[in-house]
Amino acid sequence: MVFGFARVVVIAATWAIAVALPAVAQFETRASFPIGGDAGPNSLVVGDFNRDGILDVAEFSFVPAGSVEILLGNGNGTFRLGATYALAGSPFYDATASLRHNGILDLVIAGGNMDDVYVMLGNGDGTFQTPVPYPTTASPLVVGVGKFTRGGNLDLLALEGTSAGGIVCDCIEVLPGNGDGSFGAPITTPVPYNIKGFAISAGDFNNDGKLDVAVAGGFGISSQVDILLGNGDGTFTADGYYDVGESPQSIATGYFTHDKTKLDLAVGNEAGSSLSVLLGNGDGTFQPSVYYDTETPTWIIAEDLDGDGNVDLAASNAGLAGFLHEFPPGVSVFKGNGDGTFQAGAFYFAGRGFDGTYVAAGDFNGDHKPDLVDVNSDGQAVITLLNTGVASFSPTTPLSFKAQAVGTTSSPQAVTLTNTGAAELKIQAIKASAGFSVTSTCGAGVAPGAACTITATFSPTKQGAVQGAISISDNASSKPQVIELTGNGS
C-alpha cells in the first residue's frame, strides 16, 4: 500500500483502455506460478522491479519460514523465478515504493512475529539488498507507505498488535523517512474505540492536505472501522467509527462516485462474507455501511477494471469447506455504477483447495487492460487472471491431456468461447503451438451473446512433458487471448 496526499497511490501501470467493443471486464485464469517447497504464500506486491517495462511480482511467504520470491514478468501474464530472500520474521503484508526518489522500487515488509518493519532497497535490476529491520513497538500486521509528516519524504505506516515479548500496543506507528531509504524512530497513536486492528488504509478523508487513516477491526462481537484524522506530524486524532461486517480483514479507498472531493471506503469482512461500502462526506465522516455479499473475502482492491471511468471492486475469496456447503477459492469482481453503488459480484475461480488470500491488479500482458493476480496459499501458487474483455472462456483452467503415446493423437478437448459484449467479436486467427492442433466453429466473428467451440488435440513427437497454448487474435484485446495446454508424451 502506497499512500499519497490526495488518495491511495498504487505503484502500477496507468490504464488506457482502447478497444472496439464496449467496456467489459472478463477475467480468466491463464497462468499459475508454483511456489516451491513447503512455503505458504500469503500476499504480494506488483511493480517493474527490473525496469524493463514489464510488471513483476514480489511474493511473500510466512511458513515454514519468512521469505520473499521475485517473479519476473514475461509480458504475457506468465512469470519466471528471480531471486529469493530469507526473512527473520514471518511477513503477512507488504508495500512497494521508490523510497529514495530515484525511480527504483524498494520493498517494505511487515515483520509478522518480529517487532520490526523490514526495508529491502532495490538495485533496479530485479534484485534487492539485504533486509534492514527498523524497530517498532509491537509486531506489525500491515504496512503502508505515504507522506504522513511534513518532511517531504515517504514515511512508513504500520498497524501493530502484540509484541514478540507480549507487550500489547494495538496502535498505528509512523516511521519518518529520511529520503535515503532509512527511517527514524516510530511515532505512536493508539487505535481508538476499544478494538483490535486487523486492516488499515489511508487517504485524505477531510480534504485538508494531510493523510488520514482508517483502521478496521473488532473486539468481541463488535466489528467497526475507526477514522483517525492526520495532524501532519505523524500523529492522528480519533474522529468516530462505523459498523462493518464480522472480522474485517482489508480496506480499500477510492472515489466510488464522480465527486473527487469525497473519498470512499470498501471493507472486506471475511467471517461476515460481505463487503461494506461507506461513502465519504468529504469532511472526514462517512455514511453507514451498505453490504454486498461475497464468500470469505480476504483482500479487497478498488480499480477501474473495465475502463468505463467508474471504480470497480475486486475481492479475493478464501473459499470455504464444510459439511453442508463448499465454496472454492477465487476472485469476485463488483462492477461500479459510478454513483457509489455496485453490481452483484461476478466470481472467477482461481486455484485449488481453500485459501485464496490476496489479490492485486496490473497490466501483465501489455494490452492496456488491468489484469489480476491472486495468491492461492493452499495451492501454493500465484495465479494470473487475464482481462479478456468480452471474450469469456469455459473452462477457465488450462486443458490438460493425459499421457499420450508418441506419434498418436489424443481425444479432443474443447473450450467454449462466449461473446459477452454488445458488438460482434471479430476473430483474426486461432493458432496452436507445436505438439497440439486446434479447430474451431468460431469463424470470422462471434455475434453478441453467441458462443463457439475451440477444440484441441495433443500429438506428442517425443517423450516427456509438453507445454503449449492456443493463441486467439481478436478485437477484444490488442494482444492474443491464450488457452494454456499441457500434455505428456509416453
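This is a short dialogue on reading a predicted model.

Trainee: Where do I start with a sheet?

Mentor: Start with the pairing. Strands of a sheet pair through backbone hydrogen bonds, either parallel or antiparallel. Then look for the order of the strands. Here, one open sheet has 4 strands, in the order β7-β8-β9-β10. Their pairing is antiparallel.

Trainee: Which strands stand at the edges?

Mentor: β7 (94-97) and β10 (132-135) do. Each has a single partner strand, so one side of each is left without a neighbour in the sheet. Check the twist as well. On average, and ignoring direction, neighbouring strands of this sheet are turned by 25° against each other.

Trainee: How many bridges join β9 and β10?

Mentor: The antiparallel pairing of β9 (residues 116-120) with β10 runs over 4 bridges. For one position, take Asp116, which stands opposite Pro135 in β10.

Trainee: What about the loop between β9 and β10? Is Gly126 buried or exposed?

Mentor: Gly126 lies in that loop. Buried means under 20% relative accessible area. Gly126 has 5%, so it is buried. Now look at its contacts. Beyond residues up to four places away in sequence, Gly126 touches Phe49, Asn50, Ile70 and Leu72. Tyr85 is 41 residues from Gly126 along the chain, and their C-alpha atoms are separated by 12 Å.

Trainee: Where is Val331, and is it buried or exposed?

Mentor: Val331 sits in strand β27 (residues 330-334). Its relative accessibility is 0%, so Val331 counts as buried. Leaving aside neighbours within four places in sequence, its contacts include Ala314, Phe347, Leu372 and Leu385. The C-alpha atoms of Val331 and Tyr358 are 9.0 Å apart, with these positions 27 residues apart along the chain.

Trainee: Which residues touch the most other members of the largest nonpolar core?

Mentor: Leu44, Ile172, Val213 and Leu372 do, in a core of 45 residues. Follow Leu44. Outside its neighbours within four places in sequence, Leu44 is in contact with Val57, Phe60, Tyr358 and Val382, among others. There is also a second, separate core of 22 residues, including Leu417, Cys452, Ile454 and Ile472.

Trainee: How do I read a pocket?

Mentor: Ask for volume, then lining. The largest pocket has a volume of about 570 Å³. It is lined by 26 residues, and the closest to its centre are Arg30, Ala31, Thr78, Gly468 and Glu484.

Trainee: Which strands each supply at least two residues of that lining?

Mentor: β2 (27-34), β31 (381-387), β39 (464-474) and β40 (481-489) do.

Technical notes:
Residues are numbered from 1 along each chain as its sequence is written. This is a predicted model: local features need pLDDT of at least 70, side-chain atom pairs count only at pLDDT 80 or more; totals for chains, interfaces and linings use all residues. Side-chain values use heavy atoms; hydrogens and water are left out. Two strands pair if DSSP finds at least two bridges between them. Axes are lines fitted to C-alpha atoms, for helices over the stretch in contact, and angles run from 0 to 180 degrees between N-to-C directions. Buried means under 20% relative accessible area, exposed over 50%, partly exposed in between (1.4 Å probe, protein chains only). Contact means heavy atoms within 4.5 Å. A nonpolar core is a set of buried Ala, Val, Leu, Ile, Met, Phe, Trp, Tyr and Cys residues joined through side-chain atoms within 4.5 Å. On a 1 Å grid over the protein atoms alone, a cavity is a set of points where a 1.4 Å probe fits but cannot get out, and a pocket is an open set with protein on both sides within 12 Å along at least five of seven lines; lining residues have an atom within 4 Å of a point. Grid points are joined across faces, edges and corners, and a volume is the space filled by probe spheres set on the points.
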